[in-house]
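These are my notebook entries on a structure that I looked up element by element. I began with the strands, then turned to charged side chains and to helix packing.

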Amino acid sequence: MAAARGTIFITGANGGLGSAIVEQIASKPELSAYHGLYTIRGATPAAAPALASVLARGDASHPHDILSLDLTNLDNVRQVAEGINVRVAAGEIPPIRALILNAGFQDFGSQSWTPAGLDVTFAANYLGHWLLTLLLLESMDKQAGKIVLIGSQGHDPNDPRNARGGAFKEERYKELVHDGASFEAIAKGTWSPATEEAGFRGGFRRYGAAKLFLIMMMHELQRRIDQDAAIKNICVLGVDPGTMITGLQRLAPWFIRVVIFQVIYPIIVYMFPNGSTVRTPQKSAFDVLEVTFSTDLGGGKLPKDLYFIGTQPLETSAESRDAHKQQLVWRETVKLTNLKENDTILGNWQ
């Protein structure tokens, strides 16, 4: 078997979008030659039927591993990252060409906490991904590596797509973070808690806050990478995949889960298969891979710190572009993850 061209690492590979991304990787000759590292929440590959199904339909020669990863458990994140770093350093697998931060969680009002006392939505969507990325920088392809995060309209309270849900209609939710105390409140789930509003809106705000931090990470990490001669060619990008029918709605109330996502939205997709309101996971997966591997996104330059809806550029929220807030969130995250100097090759990590 020929050596793999590089490694593609995907979190949440058993979900709707994750499995759709893997399906296209495993079925396209130009991508199936990469080594796939596909993470799932379960302890064994048997816990990932959707992923197993798409791999079975793909190129049988596609090299890949299925790894268990709990993004809400920072010790587990460290263990998984360490194992990958060892394998890349030993030449067992090639450097990471694409790190796709896809895993997502939305509680729809059923708020929960990690054993460390952190809001699960915050930990699963943001904190685990932040730590994983900093730890894996040493295993990235230093000349052509891309870090691609999956964003959401929820990160921007002023996105017109959020108007119908009404989660951000109150003025106090127009800006999400002001200082260390407000960051800590979001991290610990005391900001917009289910005890205050138990339905969809409170959960969507918590989800939006986590995605806001992820997009702030895109901006701030790229700035810090650009200052580091050893890794300055690594690109950090983001994709808003749009509204999709996936397992993200598994905790939603019956009306949202069944009537909207299993009746109304499938009709919309059937009538407008290339529409922008609701997308299939397959269409969004195509967009994610196009952003990840296209060479035409940067206008002749390396495509750095760009955010897309589908494959069209989209400006992120005003709050996400606030340099002071980006640095505030970064510093608080360093403290929360207990990141140390030897944990990452990023020079300006503090």
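**Entry 1: a strand in the core.** I take a residue as buried when its relative accessible area is under 20%. I note at the outset that the model is predicted. I looked up strand β4, residues 96-101, and found that six of its six residues are buried. I therefore record β4 as largely enclosed by the rest of the structure.

**Entry 2: the neighbours of β4.** Which strands pair with β4, and in what sense? Strand β1, residues 7-10, pairs with β4 in the parallel sense over four bridges. In this pairing I find Ile10 opposite Ile100 of β4. Strand β5, residues 146-150, also pairs with β4 in the parallel sense, again over four bridges. Here Ile100 has Val148 of β5 as its bridge partner. I then followed the chain from β4 to β5: it crosses through helix α5, residues 120-136, and this β-α-β crossover is right-handed. A further bridge partner that I noted in β5 is Ile147, which belongs to Leu99.

**Entry 3: strand β5.** I checked the burial of β5 and found five of its five residues buried, so I enter β5 too as largely enclosed by the rest of the structure. In a regular strand the side chains alternate between the two faces of the sheet. I therefore sorted the residues by face: Lys146, Val148 and Ile150 lie on one side, Ile147 and Leu149 lie on the other, and all are buried, so both faces of β5 are covered. Strand β6, residues 235-240, pairs with β5 in the parallel sense over five bridges. Within β6, Gly238 is the bridge partner of Leu149.

**Entry 4: the loop after β5.** I located Gly151 in the loop between β5 and α6 (180-187). Is Gly151 buried or exposed? Its relative accessibility is 3%, so I count Gly151 as buried. I also looked up the separation of Gly151 from Pro241: the two lie 90 residues apart along the chain, yet their C-alpha atoms are separated by 7.2 Å.

**Entry 5: salt bridges.** Side chains of opposite charge can pair when their charged atoms come close. I find 20 salt bridges in the structure. I looked up several of them individually.

- Lys188 and Glu184 form a salt bridge, with the closest N and O atoms 2.9 Å apart. Lys188 is partly exposed at 39% relative accessibility, and Glu184 is partly exposed at 40%.
- Glu197 and Arg205 form a salt bridge, with 2.4 Å between the closest N and O atoms. Arg205 is buried, its relative accessible area being 1%.
- Asp287 and Lys283 meet in a salt bridge at 3.7 Å, N to O. The two residues are four apart in helix α9, residues 281-293, so about one helical turn separates them. Asp287 is buried at 5% relative accessible area, whereas Lys283 is partly exposed at 26% relative accessibility.
- Asp65, Arg87 and Glu92 are linked in a network of salt bridges.

**Entry 6: a helix pair.** Two packed helices are described by the angle between their axes and the distance between the axes. How do helices α1 and α3 pack? Helix α1, residues 16-27, and helix α3, residues 49-57, pack at an angle of about 15° with their axes 8 Å apart. I therefore enter α1 as roughly parallel to α3. The crossing of α1 and α3 is right-handed.

Technical notes: Residues numbered from 1 in each chain as written. Predicted model: local features only at pLDDT ≥ 70, side-chain atom pairs only at ≥ 80, totals over all residues. Heavy atoms only, no water. Buried < 20%, exposed > 50% of the residue type's maximum accessible area, 1.4 Å probe, protein only. Pairing = 2+ DSSP bridges. Right-handed = clockwise from strand over helix to strand, strands pointing away. Salt bridge = Lys/Arg side-chain N within 4 Å of Asp/Glu carboxyl O. Axes fitted to C-alpha atoms, helices over the stretch in contact; angles between N-to-C directions. Parallel < 35°, antiparallel > 145°, perpendicular 65-115°, else oblique. Left-handed = near helix turned anticlockwise from the far one by under 90°.
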